[in-house]
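Me: I'd like to go through this structure and check what earns each label. Can you take me through the reasoning, one label at a time?

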Amino acid sequence: MADRRRYPVSGTNATGILAATASSPQTVLDITTGRIFWLRGISIARDDNGGDLDLRDIAAGTATATAPVLRLPISSATAISGVRSVLEFAPPGIRFSTNVSAVSSGAASNQSIGAVTVWGYEE
């Protein structure tokens with residue numbers, strides 16, 4: 001039987017999440033080589049003017065042609081900066097195998113999305 005140990009992990013971006021370009025994906029969590037990460041929750045502090053947050057299963061700076069694993073709408077109904085949203089996902093969670101990287105689908109002129117924090121477990 002395969003080793004199915006679970007290791008709790010979390011991560012957050014070091015710089016703002018910008019609109020998608022070939023080099024804009026920011027790493028939110030580096031996944032340990034040979035493991036799978038199961039996303040169980042995400043917290044987002046909004047500092048932009050709208051658009052969606054895309055989480056992609058790619059290394060930082062990788063071309064953005066990769067389809068998002070998860071797209072979360074970020075409301076532009078309010079101009080209040082720093083609004084935080086927290087979402088949790090049912091077990092087992094959402095699967096990632098390379099890295100959890102993020103970009104915004106907003107226009108390049110938008111401000112960045114602030115802190116994005118993810119948590120879950122590796123196995």
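**What earns each label**

Reply: Let's start with a charge and a ring: in this predicted model, the charged end of Arg35 sits over the ring of Tyr7, 4.0 Å from its centre.

Me: What makes that count as sitting over the ring of Tyr7?

Reply: The rule asks for CZ of Arg within 6 Å of the ring centre and within 35 degrees of the ring normal. The distance for Arg35 and Tyr7 is 4.0 Å, and the pair is listed as a charge over a ring, so the angle condition is met as well.

Me: Why is the pair of Phe37 and Phe96 called tilted?

Reply: Two numbers matter here, because a pair of aromatic rings is described by the distance of the centres and the angle of the planes. The count comes to one aromatic pair, and that pair is Phe37 with Phe96, at 6.4 Å centre to centre and 50° between the planes. Centres have to lie within 6.5 Å, planes under 30 degrees apart would be stacked, and over 60 would be edge-to-face. At 50° the pair is neither, so tilted is the word.

Me: How do you know that the pair links distant parts of the chain?

Reply: Look at where the two rings come from: Phe37 is in strand 3 and Phe96 in strand 7, 59 residues apart.

Me: Why are Phe37 and Phe96 called buried?

Reply: Buried means under 20% relative accessible area. Phe37 has 0% relative accessibility, so it counts as buried. Phe96 also comes out at 0%, so the label applies there too. Across the chain, 40% of the 123 residues count as buried.

Me: What makes up the largest nonpolar core?

Reply: It has 20 residues, and those with the most contacts inside it are Leu39, Ile42, Leu53 and Leu55. Among the elements giving two or more residues are strand 2, strand 5 and strand 9, while strand 3 gives the most, with four residues. As background, in soluble globular proteins, nonpolar side chains tend to be buried together.

Me: How do you know what kind of elements the chain is built from?

Reply: Just count them: zero helices and nine strands. Ser10, for one, is found in strand 1.

Me: What does Ser10 touch beyond its neighbours in sequence?

Reply: Leaving out residues up to four places away, Ser10 touches Leu29, Val118 and Trp119. On the chain-wide scale, among contacts between residues at least 6 apart in sequence, 84% join residues at least 24 apart.

Key:
Residues numbered from 1 in each chain as written. Predicted model: local features only at pLDDT ≥ 70, side-chain atom pairs only at ≥ 80, totals over all residues. Heavy atoms only, no water. Contact = heavy atoms within 4.5 Å. Core = buried A, V, L, I, M, F, W, Y, C linked by side-chain atoms within 4.5 Å. Buried < 20%, exposed > 50% of the residue type's maximum accessible area, 1.4 Å probe, protein only. Phe/Tyr/Trp six-rings, centres within 6.5 Å; stacked < 30°, edge-to-face > 60°.
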